[in-house]
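Trainee: I would like to take a close look at one part of this model, namely the surroundings of its bound molecules, and I would be glad of a careful reading.

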Amino acid sequence: MINYLYQEKNWQSQLNDLISDPDELLALLNLSASELKSQQLLSQHAHQQFKLRVPRQFVTKMQTGNAYDPLFLQVFPHHLEMQDMDKQIKAGFSADPLGELEANTLPGMLHKYQSRILMTITGACAIHCRYCFRRHFPYQENLPKSKDWQAIAQYILDHPKINEIILSGGDPLSVSNEKLALWINRFEELPQIKTIRLHTRLPVVIPQRIDEDLIKILSTTRCKIIMVVHSNHGNELDANFDVAMRKLSEINVILFNQSVLLKGINDNFQTLTQLSYRLFDARVLPYYLHVLDKVQGASHFLITDAEAQTIYQALLKELSGYLVPKLVRESSGELHKTPLNIF
Ligand SMILES: *Cc1c(COP(=O)(O)O)cnc(C)c1O
Ligand code: SF4
């Protein structure tokens, strides 16, 4: 019934009606039964630093009454985030763990890896994931504007090895279709660009984002289109997601998923096995399994490398090769994502 209702509602109105009040979320999940309990769970400080933001449709997939629900824990400003800040800093948790502030060459453009550049075309996301390294990133100063296009195009021409553009953010699908089409048209005019890739969580949290106009845009470009969605747990995926992925796969968009390995959410091989199978049901292949970026406020999600290795070895035994994501770490200064030593 609920799914049916959301199918009627377009993605823009869902984006305009996100939950941003922690008390409302707790009430919807029957978690605010006692004042004390919600006080303990919530950190206002964490919420001020990185506001709660979650689509209602995503909340319907959470289990009511369960403060350990794997979807709830990904979005709720939890008191653990601000705990032991001195210890977090000593353990290497920082505001800019990837050194992205330095890597920025032109507004909104990151060129860290030879053949591809990453464009942050918006700072906005439909959901705020508590483990995200962007929780401290000063987006607004750094978005590419139309007047920056000439310089970006020149930069690409000056670097002939660049053959792929990654549209990122924020979430690149939180912008209008018109704006997205504008960027895609610009990039496809450069003959050296073969592939345009979208890194997005929107099809998971508001699958209706894959609408008719978007399908038209993605099916008419000369570039190969890759979409890398972001899902960490099988509970995030439903029939609406399947429909969205089917539409994309019918126009030959190549579909991948990336996940983050998160303590208390997906740090066991059973959950990750289910996720891989569930993604494959929707025609999506697992791409990356990231270990956590050491971002301040996310230390309670950390698992050790040894634990990650154990889980990964079990995954290798359990799944067909194509259903096993690559276990990687992103380190500032490296020329690629770094595979973890798994044995
Ligand atoms: C992750 C990332 C990419 C993409 O890396 P792939 O290994 O090709 O998926 C590109 N640029 C930056 C800055 C990145 O962080
Ligand atoms: S960039 Fe991705 S991981 Fe970070 S908050 Fe936005 S949707 Fe979540």
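Trainee: By class, how many nonpolar, polar and charged residues does the shell around ligand 2 have?

Mentor: Bearing in mind that this is a predicted model, the shell around ligand 2 is made up, by class, of 4 nonpolar, 2 polar and 2 charged residues. The residues that surround ligand 2 are Cys125, Ile127, Cys129, Cys132, Arg134, Gly170, Arg201 and His230, and the space that ligand 2 takes up is the largest pocket. The shell around ligand 1 can be read in the same way: by class, it holds 5 nonpolar and 5 charged residues, with no polar ones. Its members are Lys112, Tyr113, Arg116, Leu118, Ile166, Arg197, Tyr287, Tyr288, Glu330 and Lys337, and three of these names return when the polar contacts of ligand 1 are followed atom by atom. An N or O atom in the side chain of Arg116 is 2.6 Å from an oxygen atom of ligand 1, while Tyr287 places a polar side-chain atom 2.7 Å from an oxygen atom of this ligand, and for a polar side-chain atom of Glu330 the distance to an oxygen atom of ligand 1 is 2.8 Å. On its own, ligand 1 has 390 Å² of accessible area, of which the protein covers 93%. As for the chain elements involved, strand 2 (109-113), strand 3 (116-120) and strand 8 (285-290) are those that give two or more residues to the shell around ligand 1.

Methods
Residues are numbered from 1 along each chain as its sequence is written. Chains are lettered from A and ligands numbered from 1 in the order in which they are written. This is a predicted model: local features need pLDDT of at least 70, side-chain atom pairs count only at pLDDT 80 or more; totals for chains, interfaces and linings use all residues. Side-chain values use heavy atoms; hydrogens and water are left out. A residue is near a molecule or strand if one of its heavy atoms lies within 4 Å of it. On a 1 Å grid over the protein atoms alone, a cavity is a set of points where a 1.4 Å probe fits but cannot get out, and a pocket is an open set with protein on both sides within 12 Å along at least five of seven lines; lining residues have an atom within 4 Å of a point. A molecule sits in a cavity or pocket if more than half of its atoms lie within 2 Å of its grid points. Ala, Val, Leu, Ile, Met, Phe, Trp, Tyr, Cys and Pro count as nonpolar, Asp, Glu, Lys and Arg as charged, and the others, Gly among them, as polar. A polar contact is a pair of N or O atoms within 3.5 Å; within protein, one must be able to donate a hydrogen and the other to accept it, and residues adjacent in sequence count only if both atoms are side-chain atoms. Accessible areas come from the Shrake-Rupley method with a 1.4 Å probe; for residues, only the protein chains shown count as cover. Helices (H or I, at least four residues) and strands (E, at least two) are DSSP runs, numbered from the N terminus.
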